[in-house]
Amino acid sequence: MSMELLARKLGDVNGDGMPDLIYLTGTLPFSDSPFRENITLWIQDGKTRRIYQLPLKTSMGYQPSLFLGDFTGNKIDDIFINIFSGGSGGLTYNYVYSFVKNNPKILFDYEVFNDLYHYKVVYLDGFKVRVTRIETKSSFIIDIQYKGKDYLDQLYNEEGKLKSPVEGSVNALGGLYPVDFQGNGVYDLLAYQRIIGLYNADGLGWLNTYLRWKESTFEPYNQTIQIF
């Protein structure tokens with residue numbers, strides 16, 4: 001299998017004032033599929049022309065893409081990588097790398113994010129669903145009457161009481177977007193996770209987590225619920 005170029009960007013990621021070449025390569029295991037394997041990040045120093053190779057921990061998926069932007073406030077571009085998992089889960093694999101002074105450092109790893117945030121989704125009497133973050137005990141209440149009579153009749157009696165206990169879940173990261181909310185040239189991250197009910201196709205909404213770089217990590221500073 002030959003290696004092919006998947007995405008490329010120009011920008012100063014090492015901080016020496018010269019634009020560097022950042023690109024992703026991968027292999028095509030199936031000629032009739034857009035699925036890619038062996039996805040690798042490459043950085044060519046614009047001044048010395050030296051090339052650095054950074055294999056990704058999760059190195060397979062669909063539509064790999066690059067974005068360059070300052071996430072830490074040091075006025076040096078960082079490297080944002082997005083890869084779609086494919087399949088019904090609709091998940092994404094995301095990394096943010098710093099490359100200051102040609103020293104690669106992972107600022108964001110989607111697996112670390114998924115391991116840090118855990119949720120409990122419980123159906124309540126009165127056609128409600130409560131979504132609780134286990135670590136902080138903070139919660140949201142979703143009114144699910146919009147799901148319609150046929151759906152609700154499966155779960156509730158005529159008085160709006162649950163016929164039996166029902167739980168849903170929150171999927172792993174399903175979308176991550178760099179956004180300059182403050183308009184100062186420094187990007188935050190907006191993470192989307194799908195809230196599901198009785199089964200994966202039973203979407204109840206999106207849990208949106210807003211993350212901002214603080215000292216040595218991306219920290220959440222706000223969360224919202226978006227109803228389908």
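## A guided tour of the predicted chain

With the whole protein chain selected and its surface displayed, about 11800 Å² is exposed, of which carbon and sulfur atoms supply 51%; accessible areas here come from the Shrake-Rupley method with a 1.4 Å probe, and for residues only the protein chains shown count as cover. This is a predicted model, in which local features need pLDDT of at least 70 and side-chain atom pairs count only at pLDDT 80 or more, while totals for chains, interfaces and linings use all residues. Residues are numbered from 1 along each chain as its sequence is written, and side-chain values use heavy atoms, with hydrogens and water left out.

**The whole chain**

Switch to a cartoon view, where the protein chain shows two helices and 15 strands; helices (H or I, at least four residues) and strands (E, at least two) are DSSP runs, numbered from the N terminus. The C-alpha trace spans about 75 × 45 × 25 Å along its principal axes. Of the 228 residues, 46% count as buried, where buried means under 20% relative accessible area with a 1.4 Å probe, protein chains only.

**The four-stranded sheet**

Next select strands 5 to 8, which form an open sheet in the order 5-6-7-8 with antiparallel pairing; two strands pair if DSSP finds at least two bridges between them. Its edge strands are strand 5 (62-69) and strand 8 (105-109), each of which pairs on one side only. Neighbouring strands of this sheet are turned by 20° against each other on average, direction ignored, with axes taken as lines fitted to C-alpha atoms and angles running from 0 to 180 degrees between N-to-C directions. Now narrow the selection to strand 7 (residues 92-98) and strand 8, which pair in the antiparallel sense over four bridges, and pick out valine 96, whose bridge partner in strand 8 is phenylalanine 108.

**Strands 13, 14 and 15**

Move on to strand 14 (residues 203-214), which is mostly covered, since nine of its 12 residues are buried. On one pairing, eight bridges join strand 14 to strand 13 (residues 188-196), and these two run antiparallel. A hairpin of six residues joins strand 13 to strand 14, and isoleucine 196 has glycine 203 of strand 14 as its bridge partner.

Then add strand 15 (residues 217-226), which runs antiparallel to strand 14 and is joined to it by nine bridges; leucine 207 has isoleucine 225 of strand 15 as its bridge partner. Finish at the hairpin of strand 14 and strand 15, with two residues between the strands, where glutamate 215 takes a positive phi near 65°.

Terms used
Buried < 20%, exposed > 50% of the residue type's maximum accessible area, 1.4 Å probe, protein only.
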